Amino acid sequence: MGFPIVRHRRLRQSAGIRSMVRETHLNVSDFIQPIYVTYGTGVKQEISSMPGVYRFSLDTLKEEVQEIAELGIPAVLLFGIPDTKDAVGSSAYAENGIVQEATRLIKSWYPDLLVIADTCLCEFTDHGHCGMIHTHERDGHVCVDVLNDESLELLVKTAVSQAEAGADIIAPSNMMDGFVGAIRAGLDEAGFTHIPIMSYSVKYASGFYGPFREAADSAPQYGDRKAYQMDPANAREALREAETDVLEGADMLMVKPSLSYLDVMRTIKDQFDLPLVAYNVSGEYAMVKAAAINGWIDEEKVAMEILLSMKRAGADMIITYYGKDAARWLSAR
């Protein structure tokens, strides 16, 4: 019988060889750790659908930030849960808003740790939508129209207030038309020409956001977000969204969620010469955690494989709730 001349297994036969020919590498510098901050005293409240992830009050926040910094994770993404909400999300752009206060504290403790401010209104509005709304009844049902241009004015105010508080990067996640251009103009006019925009360019109306709704207390009170977030069936539309953000001045592009949209990530990476961010979202994290708690999977292997798939698909940065765990796993290898 004949024997194969080409033997692919030659390059897999030992850990040393596998390491030497490995094409994709994860590094702690790839990770961005989300943090949820809230008002109150002594709050470190675990989110039931996201084991290991907590809400922190400002007086308990330092321990979490210290751990992140000491692990070498270069950046955090801040989400705030306010003490009051209203129709226009005024707490989002208040000078003493929860994100603004947390930003000032983090920058005073760890000046070199990058603070990325999520710029949206959903956590701060009493209706849970990402902008101002108009409601009306149709056939006995409450219908919601999210007002695009009116919302842009509030999002600009939010971005500027976050920059004034010391945020290093503004990350608008609202999916309003023209949001990058409006925020870029607002930041520039306020003297923050140096502050980059990490745009949630391609954000799908996904079922993977469920645990985040609990964490950020941001579920819509009526209606849904399908009129402004993208249809999961569409990939070509993602190119149009990303191209618009590039033309409006985005400095980084994001695909959210990432695990079910690796094809979209690769397409965006190939088409645009900007840093690409993957968001390993709450539902992706929760599924792995739940399976691991039940003993069905090896948590470390599965979590690292998911993060590696995002890096392989083209991500330069990964927002992930596994940031701290992944940093520890990498250091132990």
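## A buried lysine and its partner

Lys-324 is buried, its relative accessible area being 13%. This is a predicted model. Lys-324 forms a salt bridge with Glu-67, and their closest N and O atoms are 3.3 Å apart. The two residues come from distant parts of the chain. Glu-67 sits in helix α2, Lys-324 in helix α11, and 257 residues separate them. Glu-67 has a relative accessibility of 27%, so Glu-67 counts as partly exposed.

Which residues share a network of salt bridges with this pair? Glu-64, Asp-325 and Arg-328 are linked with Glu-67 and Lys-324 in one network. Within that network, the side chains of Asp-325 and Arg-328 meet in a salt bridge of 3.2 Å, N to O. Both residues lie in helix α11. They are three residues apart, about one turn of the helix. Arg-328 counts as partly exposed because its relative accessibility is 32%.

## Other salt bridges

How many salt bridges does a search of the whole structure find? The search finds 13. One of the pairs is Glu-101 with Arg-104, whose side chains meet at 3.8 Å, N to O. Helix α3 spans residues 98-109 and holds both partners. They are three residues apart there, so about one helical turn separates them. Glu-101 is partly exposed at 27% relative accessibility. Arg-104 is partly exposed too, at 31%.

## The largest pocket

The largest pocket holds about 410 Å³ of space. Its lining has 13 residues. Arg-22, Thr-24, His-25, Leu-308 and Arg-333 lie nearest the centre.

Which helix supplies the largest share of this lining? Helix α10, residues 299-312, does, with five residues. By class, the lining of the largest pocket has six charged, five nonpolar and two polar residues.

## The second largest pocket

The second largest pocket holds about 160 Å³ of space. Its lining has 17 residues. Closest to the centre are Gln-33, Gly-52, Val-53, Tyr-321 and Lys-324. Lys-324 is thus a link between two parts of this report: the lining of this pocket and the salt bridge with Glu-67.

Several elements meet around this space. Strands β1 (31-38) and β3 (50-57) each supply at least two lining residues. Helices α2 (61-70), α9 (282-293) and α11 (323-332) each do so as well. Strand β3 gives the most, with five residues. By class, this lining has nine nonpolar, six charged and two polar residues.

## Two cysteines without a bond

A disulfide is a covalent bond between the sulfur atoms of two cysteines. How many disulfides does a search of the whole structure find? The search finds zero. Cys-122 is in no disulfide, and the nearest cysteine sulfur is that of Cys-120, 4.0 Å away. A disulfide needs the two sulfur atoms within 2.5 Å, so this spacing does not qualify.

Are these cysteines buried or exposed? Cys-120 is buried, with a relative accessible area of 1%. Cys-122 is buried as well, with 5%.

## An enclosed strand

Strand β11 covers residues 276-280. Five of its five residues are buried, so the strand is largely enclosed by the rest of the structure. In a regular strand, side chains alternate between the two faces of the sheet. Both faces of β11 are covered. Leu-276, Ala-278 and Asn-280 are buried on one side. Val-277 and Tyr-279 are buried on the other.

Which way does β11 pair with strand β10, parallel or antiparallel? The two strands pair in the parallel sense, over three bridges. Strand β10 covers residues 252-256. Met-254 has Val-277 of β11 as its bridge partner.

## A buried leucine in β4

Leu-77 lies in strand β4, residues 75-81. Leu-77 counts as buried because its relative accessibility is 0%. The cut-off for buried is under 20%. Leu-77 and Asp-112 are 35 residues apart in sequence. In space, they are 14 Å apart, C-alpha to C-alpha.

Definitions and conventions
Residues numbered from 1 in each chain as written. Predicted model: local features only at pLDDT ≥ 70, side-chain atom pairs only at ≥ 80, totals over all residues. Heavy atoms only, no water. 1 Å grid on protein atoms, 1.4 Å probe; cavity = no way out; pocket = protein on both sides within 12 Å on 5 of 7 lines; lining within 4 Å. Points joined across faces, edges and corners; volume = space filled by probe spheres on them. Helix = DSSP H or I, 4+ residues; strand = E, 2+ residues; numbered from the N terminus. Nonpolar A, V, L, I, M, F, W, Y, C, P; charged D, E, K, R; others polar. Salt bridge = Lys/Arg side-chain N within 4 Å of Asp/Glu carboxyl O. Buried < 20%, exposed > 50% of the residue type's maximum accessible area, 1.4 Å probe, protein only. Pairing = 2+ DSSP bridges.
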